[in-house]
Amino acid sequence: MTVTGADFVELDRIAVEEAVRVVDLATAADWARDTPCAGWTLRRLVAHMSAQHVGFAAAARGAGREPEYWREPEDMSEPARTHRSAAAAVLSAFAEPGATEREFTLPELGGGFPGGQAVGFHFVDYVVHAWDVAATLGSAVELPQQVRVAALAVARQVPTDPARRGPGSAFAPVLEVPVGSGPLEEALYLLGRDPGRWPARRRTR
């Protein structure tokens, strides 16, 4: 996966900070809501997001093989706080000098990957998960155009083999992209999300 000229550390920071913003919009009544991730409530989605942040932070520091870093938190009584802490950990790890030159061990993806590529994986995942949370809440993501375009470029390179999509995989099967879709919407359809089923309403805090 290569996107020429992309600074994935910076792009990832923007996506993760937006994910933090939308998670922080949730109220106590929202955590049991269904999400675009089939079968997952918002609380479960945020637990997954938190675990992935901690796992990628560990991978950036050479500890990605250790399974404890990838486990979902047992205590999700304060989901937004847990997610905020995990997000800070991954952003700190990715910002360390030389992080993108290291090999990241990502067990869920089958092994080791160059750091720059691994950060790219995390980036597109958090563009999508930021949208997942916002869609659950009837809100909209606020992402600059360069983030949307880069997410689409990465989404176009994600394998579409049915054996690597669906239940238990990072993304659902590809959906047909409607004519006239913007870059974020196209990326979502390519990664198995249907924005048309989750219309945004005005949601502020």
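**A guided look inside the predicted model**

Guide: Welcome! In this predicted model, Asp12 is buried yet has no salt bridge, and the nearest side chain of opposite charge, Arg13, is 8.6 Å away.

Visitor: Which helix holds Asp12, and which residues does Asp12 touch?

Guide: Asp12 belongs to helix 1. Leaving out residues up to four places away in sequence, Asp12 touches Leu91, Phe94, Val119, His122 and Phe123.

Visitor: How many aromatic pairs are there in the whole structure?

Guide: A pair of aromatic rings is described by the distance of the centres and the angle of the planes. Searching the whole structure for such pairs gives a total of five.

Visitor: What kind of pair do Phe8 and Phe123 form?

Guide: Their ring centres are 5.6 Å apart. The angle between the planes is 45°, and an angle that is neither under 30 degrees nor over 60 falls in the remaining class. The pair is therefore tilted.

Visitor: How many residues apart in sequence are the parts that this pair of Phe8 and Phe123 ties together?

Guide: Both Phe8 and Phe123 are buried. Phe8 sits in helix 1 (residues 8–23) and Phe123 in helix 4 (residues 115–136), so the pair ties together parts whose separation in sequence is 115 residues.

Visitor: What about Phe56 and Phe94: what kind of pair do they form?

Guide: Phe56 is in helix 2 (residues 42–60) and Phe94 in helix 3 (residues 79–95), 38 residues apart. The ring centres are 6.5 Å from each other and the planes meet at 85°. Planes over 60 degrees apart put a pair in one particular class, so this one is edge-to-face.

Visitor: Are Phe56 and Phe94 buried or exposed?

Guide: Phe56 has a relative accessible area of 5%, and Phe94 has one of 3%. The cut-off is under 20%, so both residues count as buried.

Visitor: Which residues do ring pairs link into a cluster?

Guide: Phe56 and Phe94 form a pair, and ring pairs also bring in two further names. The cluster consists of Phe56, Trp70, Phe94 and Phe104.

Visitor: Which element gives the most to the largest nonpolar core?

Guide: In soluble globular proteins, nonpolar side chains tend to be buried together. Here the largest nonpolar core has 61 residues, among which Phe104, Leu106 and Phe123 touch the most other members. The top contribution, 13 residues, comes from helix 4.

Visitor: How many residues of helix 4 are buried?

Guide: Helix 4 has 22 residues and is largely enclosed by the rest of the structure. That is because the number of its residues that are buried is 20.

Note on methods:
Residues are numbered from 1 along each chain as its sequence is written. This is a predicted model: local features need pLDDT of at least 70, side-chain atom pairs count only at pLDDT 80 or more; totals for chains, interfaces and linings use all residues. Side-chain values use heavy atoms; hydrogens and water are left out. Rings of Phe, Tyr and Trp (its six-membered ring) pair if their centres lie within 6.5 Å; planes under 30 degrees apart count as stacked, over 60 as edge-to-face and the rest as tilted. Helices (H or I, at least four residues) and strands (E, at least two) are DSSP runs, numbered from the N terminus. Buried means under 20% relative accessible area, exposed over 50%, partly exposed in between (1.4 Å probe, protein chains only). Lys and Arg count as positive and Asp and Glu as negative; His and the chain ends are not counted. A salt bridge is a side-chain nitrogen of Lys or Arg within 4 Å of a carboxyl oxygen of Asp or Glu. Contact means heavy atoms within 4.5 Å. A nonpolar core is a set of buried Ala, Val, Leu, Ile, Met, Phe, Trp, Tyr and Cys residues joined through side-chain atoms within 4.5 Å.
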